[in-house]
Amino acid sequence: MMVDQRRKKLAIITTFWNWRSHANHMSERFLNGYPRNGKWHRPEIDVVSAYVDQRPESDLSGEKAAHHDFNIFPTIAEALRLGTDNLAVDAVLLIGEHGDYPDNEKGQKLYPRYEFFEQIVEVFRKDGRSLPVFNDKHLSYSFTKAKRMVETSKQLRFPFLAGSSLPVTFRIPPIELPLNCPIEDALMVGNGGSDAMDYHALEAMQCMVERRRGGETGVKAVQLIDGDEVWQAGQDGRWSRRLLEAALARSDSRSGIGLSDGRPQDLAHSDELEKLVKDPAAYFIEYNDGFRATLLMLNGAVQDFTFAAKIRDFPKLQSLQFLLPPKPNVTYSACLMSKVEEMIVTGRAPFPVERTLLVSGILDRCLDSRIHGHRRLLTPELNVSYRAPRGSQFCGAIG
Amino acid sequence: MADKTNRWTTPGINISRRDVLVGVPAAIAWGLAGGVTTRGDHSSRKRPQIAALVTEYRKYSHGQNIVDRFLGGYGWESRWHHPEVDVVSLYVDQFPESDLSRERVARYPDLNLYSTITETLTLGGSQLAVDGVLLIGEHGKYPKNEKGQTLYPRYEFFQETVDVFRNSGRSVPVFCDKHLSWNWDWAHDMVKTSHELGFPMFAGSSLPVCRRIPSVDMPWGAEVEEIVSVGVGGIDSYDIHSLEGMQCLAERRRGGETGVVWIQALRGDSVWEAFHSGSWEAGGWDPSLFEACLCRSQSLKPADENSRHTYPRPEDLRQLTATGTPPVAYRFEYADGLRATMLLLEGLVINDITVAARLKNQSQPFSLLFYTGSGHHMQPNFFNPLSHHMENMILTGQPPYPVERTLLTTGLTAAGVESLWLGEKRLETPHLAVQYQPNKASTFRRT
């Protein structure tokens with residue numbers, strides 16, 4: 001293929017590439033371009049190679065490679081070296097989401113992100129050069145492995161960005177909490193399965209609460225409860241009904257009465273919520289600085305992701321919806337890939353990978369809590385401290 | 001309609017506001033969060049009672065969506081908002097099997113269903129007995145005329161309403177959903193009557209007041225040279241939404257609204273021929289504004305089925321819009337020279353409406369998406385801000401924006417349909433010399 005030396009070369013390392021996969025809509029932003037601030041933006045980046053771990057009948061990677069003139073290699077190392085003896089690309093997308101992988105006893109899908117990452121950094125080490133890497137969603141199902149990944153990125157000194165699209169997608173309304181604000185309480189409402197969608201919800205919550213006074217200090221304990229105990233915990237004051245009202249006031253979901261006869265329903269102040277949500281779950285996060293936050297997964301009542309927080313001295317609660325625009329465009333992934341492009345172009349990750357590290361650990365330990373009798377678990381290993389980025393990183397924050 | 005002064009110059013609902021210009025980071029506008037309304041103290045006053053006149057009250061009809069928001073509330077800011085007015089009477093014109101109005105009357109003890117509009121407004125007595133009227137003449141089985149207009153009885157409902165006002169020697173605020181009427185003369189008469197009787201009235205689509213992405217307004221006093229919208233749907237139905245979306249931005253331009261001098265509608269291949277001409281001067285529109293619209297859309301249909309999001313090549317445009325409702329364009333020019341093109345492109349866009357405008361001395365177009373929800377499976381909460389404005393008008397007597405906006409868009413809708421009916425004929429529109437000055441304060445949902 002003709003290669004323009006001024007353009008950056010990107011390798012896609014992925015588990016699975018069909019129409020609905022993350023590999024497809026994330027890679028497309030570099031293959032086709034994407035809308036940015038009212039213009040169709042075509043990054044100065046070429047996808048030059050891919051490694052695809054599983055290629056069932058629905059696989060699209062072959063067609064994409066033929067259409068866009070890149071090669072699919074049988075190993076990760078070859079995809080990074082383009083079949084030569086040396087690292088031959090400028091950046092790596094590691095998309096270990098979707099595909100047929102086993103679950104462990106904690107309900108975690110054992111996506112081989114860490115294993116792929118190890119193969120990538122082995123090439124970096126052997127070839128004496130490291131590149132910017134983006135890792136889709138949590139770093140690994142295992143906090144131990146996730147921590148090792150971050151440590152390696154520091155040792156080899158390459159820009160490392162990771163996480164969900166929720167922190168960077170459009171917000172309704174487009175608000176950001178002021179840096180160093182005194183947050184007293186926070187509640188996130190999400191939906192979907194574990195450990196796929198709860199991760200998104202936890203990272204969305206983290207990108208808001210990390211802006212609290214003193215910065216992120218890490219997490220000292222977590223607990224995951226489910227079923228009727230969730231409602232009981234609300235009555236006991238372990239999570240705030242008032243914050244739930246604020247978060248749900250931002251929801252556009254249609255469920256229950258909204259489906260049966262169209263009425264908007266005040267879920268926070270009726271028994272409809274308890275009727276609609278058959279299997280609620282609450283994730284309690286206690287931070288080292290004493291701050292507490294809660295994620296409620298309310299399947300059956302909502303299909304969107306909302307957040308509310310109480311900030312000291314603010315007369316009103318702050319609340320928003322993390323907007324996930326619909327298929328086919330799912331423009332939230334364009335929001336995330338614009339951040340990856342920014343890292344590739346500038347050589348700097350626009351937000352700290354420690355956010356994703358901490359949330360990977362929070363989720364891993366919450367799932368431990370679930371299988372260990374929903375006990376509160378002390379988490380001294382989650383002493384991940386970092387500072388939130390000063391500027392807002394979400395789509396729409398830039399006009 | 002050459003009254004340049006807006007009778008209702010102070011809007012009833014002003015989100016605590018400062019100018020938000022294109023490109024200003026929304027993050028620094030965080031201080032906007034926590035909008036306040038200026039309703040005054042109503043605690044010592046009796047809650048206003050209002051009447052709703054609807055054509056049909058079934059699941060997801062406009063009547064249901066709006067009236068249910070008054071009856072049961074809706075999410076607003078960080079709370080469940082219970083309106084400070086009571087819907088006490090209901091007139092429903094048609095009762096399909098799926099009717100919900102009788103269920104609502106049973107559910108809400110203070111709500112009564114009447115068999116005539118007069119009784120609905122007098123609560124069965126002899127005099128006007130309500131403090132506000134919602135006129136929602138959308139949905140239901142009504143005949144279409146030969147031009148394709150659905151003959152919703154908005155004017156007829158309005159006439160019966162003002163008959164009660166006249167007979168009672170007193171008028172109350174009126175909201176009219178969507179365009180005032182399918183008939184220009186009737187719409188004109190409705191506005192004239194509201195001014196003669198001196199009651200607050202506003203009308204229109206939910207688009208001008210719904211959320212926007214990005215959350216910006218046309219800079220006040222901007223020199224707007226050309227404006228384009230890309231939307232979906234059919235004529236006499238969705239054209240009004242797009243036209244209202246364009247008009248609420250265009251009216252903020254330098255000099256205020258001047259009215260429209262001509263319009264020409266195109267359909268089918270003519271639309272793409274105009275597009276390929278490459279400019280307004282050549283019979284089309286500014287391609288950079290078209291691109292800006294498509295790049296604000298969040299529901300662009302990919303030409304290639306293996307892709308999720310592509311920018312259409314010129315040859316894709318005809319192919320994508322070849323089946324289903326044919327594409328439509330309304331090209332029109334304002335009296336001050338502003339050029340406008342409204343496009344309905346079923347097949348290219350799945351379900352959203354975007355607008356882009358070229359401003360003098362600005363290198364990049366101003367552009368935005370009117371955010372009406374993330375797909376049709378979600379609650380139509382774009383009715384929340386519209387309902388909130390109705391409530392505010394009833395509480396304060398102040399409409400959020402001049403009814404002349406909707407008079408003009410009503411006239412544009414009727415004229416666009418007429419142009420198509422006459423074979424895409426260019427029509428001079430001296431009757432659309434509707435001049436008005438909107439309020440500077442933004443009225444769309446931001447917080």
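**Exercises on domains, helices and chain contact**

In chain B, the centres of domain 1 and domain 2, taken over C-alpha atoms, are separated by 31 Å. The model is predicted: local features need pLDDT of at least 70 and side-chain atom pairs pLDDT 80 or more, while totals for chains, interfaces and linings use all residues. Residues are numbered from 1 along each chain as written, with chains lettered from A and ligands numbered from 1 in written order.

**Exercise 1.** Describe how domain 1 of chain B touches domain 2 of chain B.

Step 1. Domain 1 covers 48–199 and domain 2 covers 209–373 + 411–432 (bounds from an automatic or database assignment).
Step 2. Ten residues of domain 1 of chain B are in contact with ten of domain 2 of chain B (C-beta atoms, placed from the backbone, within 7 Å).
Step 3. The domain 1 side comprises three nonpolar, five polar and two charged residues (nonpolar: Ala, Val, Leu, Ile, Met, Phe, Trp, Tyr, Cys, Pro; charged: Asp, Glu, Lys, Arg; polar: the others, Gly among them).

**Exercise 2.** Determine the mutual orientation of H5(B) and H11(B).

Step 1. The axes of helix H5 (residues 184–197) and helix H11 (residues 404–421) of chain B come within 9 Å and cross at roughly 175 degrees (lines fitted to C-alpha atoms over the stretch in contact; angles from 0 to 180 degrees between N-to-C directions; helices are DSSP runs, H or I, of at least four residues).
Step 2. H5(B) and H11(B) are therefore roughly antiparallel (over 145 degrees; under 35 is roughly parallel, 65 to 115 roughly perpendicular, the rest oblique).
Step 3. Residues making this contact include Trp184(B) of H5(B) and Leu407(B) of H11(B).

Notes: Helix = DSSP H or I, 4+ residues; strand = E, 2+ residues; numbered from the N terminus. Contact = placed C-beta atoms within 7 Å.
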